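Let's take a friendly walk through a protein model, beginning with a single residue and working outwards. Have the sequence and the 3D view ready.

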Amino acid sequence: MEKYLVIGNPIKHSLSPILHNHWFKTHNEDAIYDKKKVEENELEGLISDVKNGKISGINVTVPYKNSVIKYLDKLSIIAEKTQSVNTIFKSDGKVCGHNTDCEGFMLGLMQTKFKTEGKKAFILGAGGVTSSIIYSLKSNSISEIYVSNRTKQKAENLKKIFPDIKILDWGKKPNKFDIIINTTSIGLKENDRIELDFSDCKDKLFYDLIYSGKTKFLKEREILNYTKDGMSMFVFQAQKSYETWLGYKPHIDEKLWDLLSN
Ligand code: ATR
């Protein structure tokens with residue numbers, strides 16, 4: 001039986017096993033997908049397990065999307081450009097890192113009918129997934145990207161990869177923007193709130209990457225603005241990971257949404 005894993009810390013909240021095990025079952029694959037909370041010093045050993053065939057594939061989540069890179073033999077172009085890996089697989093004896101967050105994010109965004117060309121984006125956060133969002137928006141002709149993070153240095157680090165982004169102090173917002181994306185973990189806990197005044201915002205798209213239900217960030221905006229939660233991005237990035245490992249696209253069916261919403 002082939003073994004797949006999602007690794008991170010914390011990992012308890014991850015719905016990836018439900019998703020992938022559902023797909024393995026519907027496509028009659030002799031495989032199992034588990035979640036594992038790991039410490040930084042365990043990363044190298046897990047990558048060796050991919051090399052020696054004990055593990056067939058790994059998904060990487062917070063906080064290791066960047067730190068796992070040093071143990072890999074090869075990166076895909078997107079993983080290289082974003083310095084972020086969420087999917088690990090073996091090819092020609094080499095352990096490779098790929099990033100499916102970019103495509104997952106764009107496929108989610110396409111469901112909203114929002115057109116990126118010439119628009120202004122405001123991104124909250126500068127954590128592990130933020131470079132994927134910047135890369136996707138830039139690849140889809142966004143005109144300006146503002147990034148604001150509590151720890152400004154982490155936003156400045158992103159500017160080293162993407163020199164044309166504009167950094168704002170935490171608590172400030174740009175005069176004009178069309179889409180705002182929450183890439184922080186604020187909202188994971190029920191009472192979490194982003195302390196920014198958006199009362200003057202109308203007809204903008206509020207996109208929250210959190211997929212565990214509608215956050216306050218979205219709930220408080222849905223009358224005057226458009227909103228999108230992170231569930232479809234989550235499903236699409238997983239579908240791309242599965243395709244990377246197994247070579248075909250698994251079906252996104254009704255049962256899958258039922259499983260995820262329960
Ligand atoms: P990591 O930073 O380890 O990659 P992450 O979950 O991908 O982890 O990112 C967490 C993001 O949420 C960061 O942008 C973090 O801001 P800091 O860089 O300042 O830590 C942001 N975040 C989490 N809790 C926050 C809070 N209470 N207020 C503001 N930002 C917060």
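Before we begin, one term: a helix here is a DSSP run of at least four residues of type H or I, and helices are numbered from the N terminus. Keep in mind, too, that this is a predicted model.

Our starting point is S132, which sits in helix α5, spanning residues 130-139. Is S132 buried or exposed? With a relative accessible area of 0%, S132 counts as buried, because the cut-off for that label is under 20%.

So who keeps S132 company? Setting aside neighbours within four places in sequence, S132 touches T82, S84, N99, D101 and C102. One of these partners deserves a second look: the side chains of S132 and N99 are joined by a polar contact of 2.9 Å.

Now zoom out to the whole helix. Of the 10 residues in α5, 8 are buried, so the helix is mostly covered. The buried ones are T130, S131, S132, I133, I134, Y135, S136 and L137. Just past the end of α5, S141 has a positive phi of about 60°.

L137 leads us to the next stop. In soluble globular proteins, nonpolar side chains tend to be buried together. The largest nonpolar core in this model has 27 residues, and L137 is among those with the most contacts inside it, along with F105, L109 and I181. Elements giving two or more residues to this core include α4 (101-110), α5 and β10 (179-182). Leaving out neighbours within four places in sequence, L137 is in contact with F105, L109, T116, A121, I123, I142, I145 and I181. There's also a second, separate core of 20 residues, which includes L19, F24, M231 and A238.

Finally, let's look at the empty space. The largest pocket has a volume of about 1500 Å³. Which residues lie nearest its centre? They are V62, G127, G128, V129 and T183, out of 47 lining residues. Three elements, β3 (57-60), α6 and α8 (231-246), each supply at least two residues of that lining, and α6 gives the most, with 4 residues.

Here's how the lining of the largest pocket splits by class:

| Class | Lining of the largest pocket |
|---|---|
| Nonpolar | 19 residues |
| Polar | 24 residues |
| Charged | 4 residues |

Notes:
Residues numbered from 1 in each chain as written. Predicted model: local features only at pLDDT ≥ 70, side-chain atom pairs only at ≥ 80, totals over all residues. Heavy atoms only, no water. Buried < 20%, exposed > 50% of the residue type's maximum accessible area, 1.4 Å probe, protein only. Polar contact = N/O pair within 3.5 Å; in protein donor to acceptor, adjacent residues only side chain to side chain. Contact = heavy atoms within 4.5 Å. Core = buried A, V, L, I, M, F, W, Y, C linked by side-chain atoms within 4.5 Å. 1 Å grid on protein atoms, 1.4 Å probe; cavity = no way out; pocket = protein on both sides within 12 Å on 5 of 7 lines; lining within 4 Å. Points joined across faces, edges and corners; volume = space filled by probe spheres on them. Nonpolar A, V, L, I, M, F, W, Y, C, P; charged D, E, K, R; others polar.
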